[in-house]
Amino acid sequence: MQHGGNLVEAERLFGIDRNQWLDLSTGISPLAYPLSPLPAGLWQRLPLENSALLSAAAGYYHCSSLLPVSGSQWAIQTLPRLRQGCRVAVAGPTYAEHAHCWQRHGHEVQAVQTVSREQLLTASKSVDVLVLANPNNPTGTLHEKDFLLALYENLREHQGWLLVDEAFMDFEDAQSLLPLVESLQAEGLLVLRSPGKIFGLAGARLGFVFAWPELLRLLSEEQGPWALPAPCLEVFRPVFLDRSWQRHTFAELESLSGRLRALLSSYGLHDSAGTTLFCYVETSLAPVIYREMAAQGVLLRLFESGSPALRIGLPGCEPDWQRLNSALASLTCLQGCVL
């Protein structure tokens, strides 16, 4: 399994110290929430039940049927254990852990195309679990809420699940299924959210599962006591409450996203989709560009299965933008080429 952000492997392959990289291989915001110093006592006691965090998160997401977990990755690994062997469709290309984790637990997994509504509708009538990311990672494909509700209705007819990974939904909130989770409280509709990406705090490893009460109870039992570190719980409560910082930062990220698309286009690298936090560029030269950029200490995420493509995250500070521009300008593989 390959993921973005693997600086240990990059160091081994290219001989550049991990602290010297400009890592644009993930979809993590470069504008992290400014953290206040934590009380020393947080490191000296077991985590307490944090109703203040739950209230703040429910207010941010407009949904109270939620369970905090140690990163949405934990939920992706755990949910397959809560069903007997069944038929699972994963809409791809997408985050590879989804298919991998269902396969590990003996489920029959098939791939469907994220962009094909016909394939998704057909799958929703025949499989037991349909998994998709919305917006999709890495392609950025976004499905409207009404279409996903139609998929859910098809699945519900035979006690199926619709599992939607909304890790990059914060900028497209009108299409989120969380209001439906809140209003329906019905079995079979599950949504994952990953605040660490959007708030630049991925190292804190906090995620949320939104679903019906019985499933949340089962997941809570699987997670056990003290699963979330006390500092993690303390860090995120003010993040969810700080609406002024959210508005300012989200607007700045949108601006940075436009700047990245313009920069890439100036070198003939046109973003085919992507999200606010990353661009997705399909090109036959993707493997060569990846290697040439890595040789300069700029790490991108390479996708080689299917149509070759690159995922390119947002630089944060101005020196990082200049470094990216210089690396792109020196690419020998682009000189005289039309992509």
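Two strands count as paired here if DSSP finds at least two bridges between them. By that rule, strand E11 and strand E12 (residues 309-313) are partners, because three bridges join them. This is a predicted model, and the tour below takes in two open sheets, a pocket, and a handful of residues with backbone or burial features worth a look. The sheets are E9-E12-E11, with three strands, and E2-E8-E7-E6-E5-E3-E4, with seven.

**The three-stranded sheet**

- Let's start with the sheet that holds E11: its order is E9-E12-E11, and the pairing is antiparallel.
- Strand E9 (278-282) and strand E11 (301-303) are the edge strands; each has a single partner, so one side of each has no neighbour in the sheet.
- On average, neighbouring strands of this sheet are turned by 20° against each other, with direction ignored.
- E11 and E12 run antiparallel, and along this pair Phe303 stands opposite Ala309 in E12.
- Helix H11 (residues 243-266) packs on the sheet and touches E9 and E12; the direction of H11 makes about 25° with that of E9.
- Helix H12 (residues 286-295) also packs on this sheet, touching E11 and E12, and its direction makes about 40° with that of E12.

**The seven-stranded sheet**

- As a general reminder, the strands of a sheet pair through backbone hydrogen bonds, in either a parallel or an antiparallel manner.
- The order E2-E8-E7-E6-E5-E3-E4 describes an open sheet with mixed pairing.
- At its edges stand E2 and strand E4 (108-113), each with a single partner strand, so one side of each is left without a neighbour in the sheet.
- From one strand to the next, the twist averages 20°.
- At one edge, six bridges join E3 to E4, and the two run parallel; here Val88 stands opposite Val109 in E4.
- Helix H5 (residues 117-126) packs on the sheet and touches E3, E4 and E5, with a direction that makes about 155° with that of E4.
- At the other edge, E2 is joined to strand E8 (residues 207-210) by four bridges, and this pair runs antiparallel.
- Val69 has Gly207 as its bridge partner in E8.
- The side chains of E2 alternate: Leu66 and Pro68 point one way, Leu67 and Val69 the other way, and all are buried.

**The second largest pocket**

- E2 comes up again here, as it gives the most to the lining of the second largest pocket, with three residues.
- This pocket has a volume of about 400 Å³.
- Of its 17 lining residues, Leu48, Glu49, Asn50, Pro68 and Leu228 are the closest to the centre.
- Helix H2 (51-61), strand E2 (66-69) and helix H9 (213-223) each supply at least two residues of the lining.
- By class, the lining has 12 nonpolar, four polar and one charged residues.

**Cis peptide bonds**

- For context, most peptide bonds are trans, and most residues other than glycine have a negative phi.
- Gly92 and Pro93 are joined by a cis peptide bond, with omega at about 0°; Pro93 is in the loop between strand E3 (87-92) and helix H4 (97-104).
- Asn134 and Pro135 are also joined by a cis peptide bond, with omega at about -5°; Pro135 is in the loop between strand E5 (129-133) and helix H6 (145-156).

**Positive phi values**

- Gln159 has a phi near 60°, a positive value in a residue other than glycine.
- Gln159 lies in the loop between H6 and E6, and with 61% relative accessibility it counts as exposed, because the cut-off is over 50%.
- Trp226 also has a positive phi, near 60°, and is found in the loop between H9 and helix H10 (230-241).
- With 54% relative accessibility, Trp226 counts as exposed too.

**A buried glutamate in a loop**

- Is Glu166 buried or exposed? Glu166 counts as buried because its relative accessibility is 0%, and the cut-off is under 20%.
- Glu166 is placed in the loop between strand E6 (161-165) and helix H7 (178-184).
- Leaving aside neighbours within four places in sequence, the contacts of Glu166 are Asn134, Gln175, Ser176, Leu177, Leu178, Val191, Leu192 and Arg193.
- One of these contacts, Asn134, belongs to the cis peptide bond with Pro135.

Methods. Residues are numbered from 1 along each chain as its sequence is written. This is a predicted model: local features need pLDDT of at least 70, side-chain atom pairs count only at pLDDT 80 or more; totals for chains, interfaces and linings use all residues. Side-chain values use heavy atoms; hydrogens and water are left out. On a 1 Å grid over the protein atoms alone, a cavity is a set of points where a 1.4 Å probe fits but cannot get out, and a pocket is an open set with protein on both sides within 12 Å along at least five of seven lines; lining residues have an atom within 4 Å of a point. Grid points are joined across faces, edges and corners, and a volume is the space filled by probe spheres set on the points. Ala, Val, Leu, Ile, Met, Phe, Trp, Tyr, Cys and Pro count as nonpolar, Asp, Glu, Lys and Arg as charged, and the others, Gly among them, as polar. Axes are lines fitted to C-alpha atoms, for helices over the stretch in contact, and angles run from 0 to 180 degrees between N-to-C directions. Contact means heavy atoms within 4.5 Å. Buried means under 20% relative accessible area, exposed over 50%, partly exposed in between (1.4 Å probe, protein chains only).
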